[in-house]
Amino acid sequence: MPSPYDLTRDGLAELLEDEPDYRVRQVWDGLHARVQRPEEMTELPASLRESLGEAIPPALREVSRQSADGGETTKWLWALDDGAQVETVLMYYPDRVTVCVSTQAGCAMACQFCATGQAGFQRHLRQGEIVEQVVAAMREAKPRRVANVVFMGMGEPLANYDRVWGAVERLHGGMGLSARHLTLSTVGLVPGIRRLAAQPLPVNLAVSLHAANDTLRDELVPINRRYPLEQLAAACAEYVEASGRRLSIEWALIDQVNDHDSDARELAAFARPLGAHVNLIPLNPTPGYPVVGSSARRVRQFRDQLTAHGINATIRMTRGAEIDAACGQLAASVRVSSRATKAHSERGRLVPGGPAG
Ligand code: SAH
């Protein structure tokens with residue numbers, strides 16, 4: 001069954017073919033501008049509200065909702081129609097409200113340190129399932145406006161390119177969000193970055209680098225074996241050139257793994273020609289990776305080293321750690337199966353593409 005946010009305007013018109021023409025605009029605006037459910041559209045006759053509500057029910061069913069950071073962070077766990085589960089995180093800041101959405105149930109990229117990667121891939125989310133996460137956040141945050149969407153939840157956005165791009169277009173064209181406030185985060189899928197570069201809508205791009213030499217990156221981020229750093233840098237340069245946007249590089253600092261002075265030097269050499277901004281996050285602990293984040297002191301030193309190398313770097317505050325809503329922790333606990341965890345500890349580390357499927 002399609003989500004209301006899978007429907008095109010033509011599809012909606014078909015659904016409303018027995019109604020006067022103006023109903024299409026009413027319902028479309030209700031769904032997008034006012035983020036209403038059909039049942040709440042009081043300008044519609046009661047019978048139509050009811051039949052529409054049945055024809056296009058929401059795709060997300062709330063399984064649980066947790067809050068942290070004194071109410072500043074909310075995490076939802078949703079069940080989809082086939083029972084797959086995904087998470088969404090809403091974050092309030094003094095000057096903005098941001099929602100972090102999932103793009104896949106699970107993930108096939110198998111990054112060692114990421115809870116979602118440890119659990120393996122289930123399926124792609126549909127466009128409507130992605131948009132509805134933003135709609136839920138918008139409804140919750142009222143009267144504050146959710147203006148920022150980061151595609152940094154569960155899944156690899158560029159591995160689900162068409163549906164993710166459909167969601168981007170709907171958020172931009174339907175909900176009126178500025179492309180400048182939409183950020184796609186990728187592990188570094190080079191063909192996807194190239195496709196993005198060819199899009200007219202310049203969204204922000206964040207690349208999860210974590211290592212700037214191929215030996216270490218092959219290990220931490222296995223897809224690097226397919227798209228090594230040189231190819232990644234070329235695709236990023238293409239994106240920056242085409243979009244005019246500043247690139248962000250994400251770097252989760254892992255104690256004694258990628259926080260050496262030499263890592264800062266290599267990262268600076270990668271970031272400099274791209275004019276990229278670096279976001280540093282101390283690694284959040286996950287069940288399947290026996291290494292810890294760098295100390296707060298080392299994180300600051302690393303930032304200062306980057307600054308000394310001429311790189312713009314900021315330390316990202318961790319949100320929602322105590323409810324497992326922090327970066328890389330998103331994985332419905334029911335699905336962090338004992339199978340994945342056991343396989344991980346037996347083999348010491350996950351092989352590339354290993355846990356997929
Ligand atoms: N697949 C996409 C988006 C989802 S991950 C990507 O890789 O960018 C969102 C961010 O969280 C990425 O930068 C990812 O590398 C980071 N991350 C994953 N696990 C983490 C952890 N345990 N601690 C801190 N950041 C983590």
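Start by selecting the ligand together with glutamate 156: a nitrogen atom of the ligand sits 3.0 Å from an N or O atom in the side chain of glutamate 156. Keep in mind throughout that you are looking at a predicted model.

**Stop 1: around the ligand**

Leave the ligand on screen and add serine 185. An N or O atom in the side chain of serine 185 is 2.7 Å from an oxygen atom of the ligand. Now add cysteine 327, where a polar backbone atom is 3.4 Å from a nitrogen atom of the ligand. How much of the ligand's accessible area does the protein cover? On its own the ligand has 530 Å² of accessible area, and the protein covers 96% of that.

Next, show the residues around the ligand. There are 19 of them, and those that come nearest are Phe113, Ser185, Ser208, His210 and Asn284. Try colouring this shell by residue type: eight of its residues are nonpolar, nine are polar and two are charged. Then switch to the cartoon view and find strand 8 (182-186) and strand 10 (248-253), which each supply at least two residues of the shell.

**Stop 2: from the ligand to a pair of rings**

Go back to phenylalanine 113, one of the residues that come nearest to the ligand, and select tyrosine 289 as well. Why is this pair called edge-to-face? The ring centres of phenylalanine 113 and tyrosine 289 are 6.4 Å apart and the planes are at 65°, and over 60 degrees counts as edge-to-face. Now trace the chain on either side of each ring. Phenylalanine 113 is in the loop between strand 5 (104-106) and helix 4 (115-119), while tyrosine 289 is in the loop between strand 11 (277-282) and helix 11 (296-308), so the pair ties together parts that are 176 residues apart in sequence. Are these two rings buried or exposed? Phenylalanine 113 is buried, at 9% relative accessible area, and tyrosine 289 is buried with a value of 9%.

**Stop 3: a pair within one helix**

Move to tyrosine 161 and tryptophan 165. Their ring centres are 6.4 Å apart with the planes at 15°, so this pair is stacked. Both residues belong to helix 6 (residues 161-174), and being four residues apart there, they are separated by about one helical turn. Tyrosine 161 is buried, with 8% relative accessible area, and tryptophan 165 is buried too, at 6%. In the whole count there are four aromatic pairs, including the two you have visited.

**Stop 4: cysteines without a bond**

Select cysteine 107 and cysteine 114. A disulfide is a covalent bond between the sulfur atoms of two cysteines. How many disulfides does a search of the whole structure find? The search finds zero. For cysteine 107, the closest cysteine sulfur is in cysteine 114, and at 6.5 Å that is too far for a bond. Cysteine 114 is in no disulfide either, and its nearest cysteine sulfur, in cysteine 111, is 6.2 Å away. Check their surroundings: cysteine 107 is buried at 8% relative accessibility, and cysteine 114 is buried at 18%.

**Stop 5: a long step across the model**

Finish with threonine 88, in strand 3 (residues 85-92). Threonine 88 is buried, with a relative accessible area of 0%. Now draw a distance from its C-alpha to the C-alpha of aspartate 21: the two are 36 Å apart in space and 67 residues apart in sequence.

Definitions and conventions:
Residues are numbered from 1 along each chain as its sequence is written. This is a predicted model: local features need pLDDT of at least 70, side-chain atom pairs count only at pLDDT 80 or more; totals for chains, interfaces and linings use all residues. Side-chain values use heavy atoms; hydrogens and water are left out. A residue is near a molecule or strand if one of its heavy atoms lies within 4 Å of it. A polar contact is a pair of N or O atoms within 3.5 Å; within protein, one must be able to donate a hydrogen and the other to accept it, and residues adjacent in sequence count only if both atoms are side-chain atoms. Accessible areas come from the Shrake-Rupley method with a 1.4 Å probe; for residues, only the protein chains shown count as cover. Ala, Val, Leu, Ile, Met, Phe, Trp, Tyr, Cys and Pro count as nonpolar, Asp, Glu, Lys and Arg as charged, and the others, Gly among them, as polar. A disulfide is a pair of cysteine sulfur atoms within 2.5 Å. Buried means under 20% relative accessible area, exposed over 50%, partly exposed in between (1.4 Å probe, protein chains only). Rings of Phe, Tyr and Trp (its six-membered ring) pair if their centres lie within 6.5 Å; planes under 30 degrees apart count as stacked, over 60 as edge-to-face and the rest as tilted.
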